[in-house]
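Please load the model in your viewer and keep a selection panel at hand. The tour below proceeds stop by stop.

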Amino acid sequence: MSWTSVWIHMVFATKYRTPFLKDSIRKQVFLHMKANAEAKGIHLDVVNGYTEHAHCLISLNRDQTISNIAQLIKGESSFWINKKKLTTGNFMWQDDYWAVSVSERHIARVRQYILNQEEHHKKKTFKEESDKFVRKYGWPPLYQLPST
């Protein structure tokens, strides 16, 4: 028997950062994402975000990969949002995502950070949040808007 404890903080944005996740649908979308993840055997501890992005705290099983989890969560939720016609226009998530490991001792803090997204983004934009992650982890800028 194998045991694992691998926690991941994953963040992904809507295509072109379009603010599709309005107050009127955001909670419904995140509740669906959590229920669908659980139905697929994905332990999605908490999911929340703001108008143009989502944060997920995930505990990976021994046979799961980050890319597979991202594909399952993002792909199914896009399909469901469009099927339910929750947005005007075609809803899509941006192709890429961030994913970082979370140590056991920081799980409660990351969980609270995710649950507090609406309040957090009254003070800081998603771009400011993105830039902070990029600097912290030494990544190239991820969520660039299309050239005009």
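On the other side of helix H5 from its buried residues, which residues are exposed? Select Arg-135 and Lys-136: both are exposed (over 50% relative accessible area, 1.4 Å probe, protein chains only). The model is predicted, with local features requiring pLDDT of at least 70 and side-chain atom pairs pLDDT 80 or more, while totals for chains, interfaces and linings use all residues. Residues are numbered from 1 along each chain, and side-chain values use heavy atoms, without hydrogens or water.

Next, select H5 (126-137), a DSSP run of H or I with at least four residues, numbered from the N terminus. Its end C-alpha atoms lie 16 Å apart, which agrees with the 16 Å that its twelve residues should span at 1.5 Å a residue (1.5 Å times one less than the number of residues).

Colour Phe-126, Glu-129, Ser-130, Phe-133 and Val-134, the buried residues of H5 (under 20% relative accessible area). They cover an arc of only 140° around the axis, which places them on the same side of H5 (directions run from the helix axis to the C-beta atoms). Just after H5, Gly-138 has a positive phi of about 70°.

Finally, display the largest pocket, of about 380 Å³ (an open set of points on a 1 Å grid over the protein atoms alone, with protein on both sides within 12 Å along at least five of seven lines; lining residues have an atom within 4 Å of a point). The volume is the space filled by probe spheres set on the points, which are joined across faces, edges and corners. Of its 16 lining residues, His-9, Val-110, Phe-133, Lys-136 and Tyr-137 are closest to the centre. H5 gives the largest share of the lining, five residues.

Definitions and conventions:
On a 1 Å grid over the protein atoms alone, a cavity is a set of points where a 1.4 Å probe fits but cannot get out, and a pocket is an open set with protein on both sides within 12 Å along at least five of seven lines; lining residues have an atom within 4 Å of a point. Helices (H or I, at least four residues) and strands (E, at least two) are DSSP runs, numbered from the N terminus.
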